[in-house]
Amino acid sequence: MDEVAFVLRPRRGGWVIDGTVGMGGHAEAILKSSGTDVWLLGIDADPETLARARARLAPFGDRVTLEHANFRDLARVAAAHRVSGARAVLLDLGVSSYQLDESARGFSFQHDEPLDMRLDPARGETAADLVNRANEAELARILFEHGGERFARRIARAIVRRRPLRTTGDLVAAVRAAVPRAAWPKRTHVATRTFQALRMAVNDELDELDTGLSSAVEVLAPGGRLAVLSYHSGEDRRVKEFLTREARGCICPPQLPVCGCGRRPRMRLLGRSRGPQPAEARRNPRARSARLRGGVRC
């Protein structure tokens, strides 16, 4: 929280865009640490968390504009509100504590809930739709590519064998049956990677991230700052590769030794990635895996 507010606080006023405003925590910290000449455009795909952010940010009055949308549409939403040349953009990836603990949409394996996992409960197929529709090979691919699950094939086979799955308890039971007891992780739940992978697939989070990052750079003013918080290695690697490409001006795949695209750099890197301070990780254990990366618009 402190690092984000410090990195993104505009020094000369202007617009800040929080593309994943959630419950409004980061937005509140940025506004409190800024002058009255700083305005915030907050975007979120989840109407429930957006309503909570609206109540939390109400004391800031007309300095705050909130919009129900996905951050992949960040540039379009900014244009609709006549926001151009933003001084800062924040993307806080993943799900919030509210969504895990209270939304009853099946993001967490701690409660037996409907297997939904949609960030916007009015759009797209649910996780139950996905696990009951997809064939074994597709499920194994999702679990491996999005979750890094080494028992992806065994879990996919167990899911297909136990269909239909309707609740988080059904999914946890399938994972437990598929993964040998001796291979269960000691620090995390055995179903953590499966839940992560299905949530990311249901919400198309990696494609959303690619589009959202490009949109964020488009709306930044020269000298404007982009900060991205990611919570697992797949997301962080994608953010790192994007910022590196933008900093060297190349949009070609990083594995190419020589490139002829000739595009000039649009960003410069804002130091190295960083994690939370130990005190913050102790107060909020869910923050311990967070990685903050940033860049400055050229």
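Two strands count as paired once DSSP finds at least two bridges between them. With five bridges, S2 and strand S3 (residues 64-68) clear that bar, and the two run parallel. The model behind all of these close-ups is a predicted one.

**View 1. Strand S2 sits between two parallel partners, S1 and S3.**
Let's start with S2, which spans residues 38-44 and has six of its seven residues buried. Strand S1 (residues 14-18) joins S2 through five bridges, running parallel. One place to look is leucine 40 of S2, the bridge partner of valine 16. Towards S3, glycine 42 has leucine 66 as its bridge partner. Glycine 42 also shows up opposite aspartate 18, so keep an eye on it when you move to the next view.**View 2. Strand S1 pairs with S2 and with S4.**
Four of the five residues of S1 are buried, so the rest of the structure largely encloses this strand. Besides its bridges to S2, S1 pairs with strand S4 (residues 86-92) in the parallel sense, over three bridges. Aspartate 18 is a handy landmark here: glycine 42 of S2 stands opposite this residue, and so does leucine 90 of S4.

**View 3. Two right-handed β-α-β units share strand S2.**
Follow the chain from S1 through helix H2 (residues 25-32) into S2, and you have traced a right-handed β-α-β unit. Carry on from S2 through helix H3 (residues 47-57) to S3, and you have traced another right-handed unit.

**View 4. Helix H10 is mostly covered.**
How many of the eleven residues of H10 are buried? Eight of them are, along a helix that runs over residues 192-202. The buried set is made up of Thr194, Phe195, Gln196, Ala197, Leu198, Arg199, Met200 and Val202. What covers these residues includes helices H6 (127-133), H7 (136-147), H8 (152-162), H9 (168-178), H11 (205-219) and H12 (233-248). After H10 comes aspartate 204, with a positive phi near 50°.

**View 5. Histidine 232 is in contact with two residues of H10, Gln196 and Met200.**
This histidine is found in the loop between strand S5 (220-230) and H12. Is histidine 232 buried or exposed? Its relative accessibility is 16%, and buried means under 20%, so histidine 232 counts as buried. Leaving aside neighbours within four places in sequence, histidine 232 is in contact with His146, Gln196 and Met200.

**View 6. Proline 222 is an exposed residue in strand S5.**
At 61% relative accessibility, proline 222 counts as exposed. Which residues does proline 222 touch, not counting those up to four places away in sequence? They are Arg87, Arg297 and Cys298. For a sense of scale, the C-alpha atoms of proline 222 and arginine 248 are separated by 16 Å, with the two residues 26 apart along the chain.

**View 7. The second largest pocket has 14 lining residues.**
The volume of this pocket comes to about 290 Å³. Of its 14 lining residues, those closest to the centre are Asn70, Asp120, Arg123, Asn203 and Glu208. By residue class, the lining divides into six charged, four polar and four nonpolar.

Notes
Residues are numbered from 1 along each chain as its sequence is written. This is a predicted model: local features need pLDDT of at least 70, side-chain atom pairs count only at pLDDT 80 or more; totals for chains, interfaces and linings use all residues. Side-chain values use heavy atoms; hydrogens and water are left out. Buried means under 20% relative accessible area, exposed over 50%, partly exposed in between (1.4 Å probe, protein chains only). Contact means heavy atoms within 4.5 Å. A crossover is right-handed if, with the strands pointing away from the viewer, the path from the first strand over the helix to the second runs clockwise. On a 1 Å grid over the protein atoms alone, a cavity is a set of points where a 1.4 Å probe fits but cannot get out, and a pocket is an open set with protein on both sides within 12 Å along at least five of seven lines; lining residues have an atom within 4 Å of a point. Grid points are joined across faces, edges and corners, and a volume is the space filled by probe spheres set on the points. Ala, Val, Leu, Ile, Met, Phe, Trp, Tyr, Cys and Pro count as nonpolar, Asp, Glu, Lys and Arg as charged, and the others, Gly among them, as polar.
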